[in-house]
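Good morning, and thank you for coming. I would like to take you through one structure this morning, starting with a single pair of side chains and working outwards.

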Amino acid sequence: GCSTGEEVWTLKVLTSVNVANHHHGGDSAGGGGGGQPAWEFVGTDVHPPAVDKAKDCIYGSIASLKLMPEDIRKAAFRRVVDGEPGFTSSGTVYTLTDGLKQGVSFEVQDIRQQRPTGSFHLILARHSIFMYFDMPLRLKMLKYMLAILAPGGYLIVGMNDRLPQEASAMGLHAAQGANAGGIYQYGSPAI
């Protein structure tokens, strides 16, 4: 699952920064207005407290964001002030700027019983399904994921995760140019 949301929020920040730095002209990739793509990010986890923390988008200190380049940190994060959720007088906490929180949602879901619906271009399933579930359940979950993964979309799993042996016959293959394992592309890339 998405746990407390760090990967989801990081993807939101990085795609937003990339769009701001490189996107010029009219709408593309779904048209989000203002010339920006309408990307949506969905995180799910079975543990309600983790999902609540993900929704809060509160980071206990800038130290927890130390690997992010300083210019991105400054553009994407702000201090939580007195009166806001997450404020504490015992230390400084940070959250994303309000504009970056749009287009992100988190749900309590157990993938074995409920799943996000829609079409996705990227699915992160690191260190969970393909590590801890038995092979028949991994195959069932992979079939579900491929049913919602757009042609040319990517499935990212952990380096030590094991996909079912049927994965390649189902159209999933190591992504071209991927230096490390765990990055797979489904079907033919979208044109």
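Please look at helix H3, residues 70-76, which contains both Glu-70 and Lys-74. The two residues are four apart, about one turn of the helix. Their side chains form a salt bridge, in which the closest N and O atoms are 2.9 Å apart. I should say at once that this is a predicted model. In general, side chains of opposite charge can pair when their charged atoms come close.

How accessible are the two partners? Glu-70 has a relative accessibility of 45% and counts as partly exposed. Lys-74, with a relative accessible area of 61%, is exposed, because the cut-off for that class is over 50%.

The search of the whole structure finds four salt bridges, and I shall discuss two others. Asp-98 and Arg-78 bring their side chains together in one of them, at 3.7 Å from N to O. Arg-78 belongs to strand E3, residues 77-79, while Asp-98 sits in the loop between strand E4 (94-96) and strand E5 (104-108), so this salt bridge ties together parts that are 20 residues apart in sequence. Arg-78 is partly exposed, at 24% relative accessibility.

The next pair is Glu-7 with Arg-126, where the closest N and O atoms are 2.6 Å apart. Which parts of the chain does this pair link? Glu-7 is in helix H1, residues 6-22, and Arg-126 is in the loop between E6 and helix H4 (129-132); the two residues are 119 residues apart. Glu-7 is partly exposed, with a relative accessible area of 34%. Arg-126 is also partly exposed, and its relative accessible area is 34%.

Let me turn to the sheets. As a general point, strands of a sheet pair through backbone hydrogen bonds, either parallel or antiparallel.

One open sheet has three strands in the order E2-E4-E3, with antiparallel pairing. At its edges are strand E2 (58-59) and E3, each of which pairs on one side only. E2 and E4 run antiparallel and are joined by two bridges. Within that pairing, Ile-58 has Thr-95 in E4 as its bridge partner. E3, you will recall, is the strand that holds Arg-78.

Another open sheet has four strands, ordered E6-E7-E9-E8, and here the pairing is mixed. Why is one side of strand E6 (120-125) and of strand E8 (172-174) left without a neighbour in the sheet? Both strands stand at the edges and each has a single partner strand, so no strand of the sheet lies on the other side. From one strand to the next, the twist averages 25°.

Inside this sheet, strand E7 (residues 149-157) pairs with strand E9 (residues 183-186) in the antiparallel sense, over three bridges. One position to find on the screen is Ile-156, whose bridge partner in E9 is Ile-183. Helix H5, residues 135-148, packs on the sheet and touches E6, E7, E8 and E9. The direction of H5 makes about 135° with that of E7.

Ile-183 appears again at the surface. Together with Leu-122, Leu-124 and Tyr-154, Ile-183 forms a nonpolar patch with about 280 Å² of accessible area. Leu-124 is in strand E6 and counts as partly exposed, at 32% relative accessibility.

One further loop deserves a mention. Gln-114 lies between E5 and E6, and its relative accessible area of 36% makes it partly exposed. Although Gln-114 and Thr-44 are 70 residues apart along the chain, their C-alpha atoms are separated by 9.7 Å.

Finally, the overall view. How many helices and strands are there in the protein? There are five helices and nine strands, and from the N terminus on they run α-β-α-β-α-β-β-β-β-α-α-β-β-β. The protein has 191 residues, of which 35% count as buried. Among contacts between residues at least 6 apart in sequence, 65% join residues at least 24 apart. The protein exposes about 11300 Å², with carbon and sulfur atoms supplying 53% of that area.

To close, I would ask you to keep two features in view: the salt bridge between Glu-7 and Arg-126, which links distant parts of the chain, and helix H5 packed on the sheet that contains E6, E7, E8 and E9. Thank you for your attention.

Notes: Residues are numbered from 1 along each chain as its sequence is written. This is a predicted model: local features need pLDDT of at least 70, side-chain atom pairs count only at pLDDT 80 or more; totals for chains, interfaces and linings use all residues. Side-chain values use heavy atoms; hydrogens and water are left out. Two strands pair if DSSP finds at least two bridges between them. Axes are lines fitted to C-alpha atoms, for helices over the stretch in contact, and angles run from 0 to 180 degrees between N-to-C directions. Contact means heavy atoms within 4.5 Å. Buried means under 20% relative accessible area, exposed over 50%, partly exposed in between (1.4 Å probe, protein chains only). Patches are made of residues with over 30% relative accessible area and no salt bridge: like charges are joined within 9 Å, nonpolar side chains (Val, Leu, Ile, Met, Phe, Trp, Tyr) within 5 Å. Accessible areas come from the Shrake-Rupley method with a 1.4 Å probe; for residues, only the protein chains shown count as cover.
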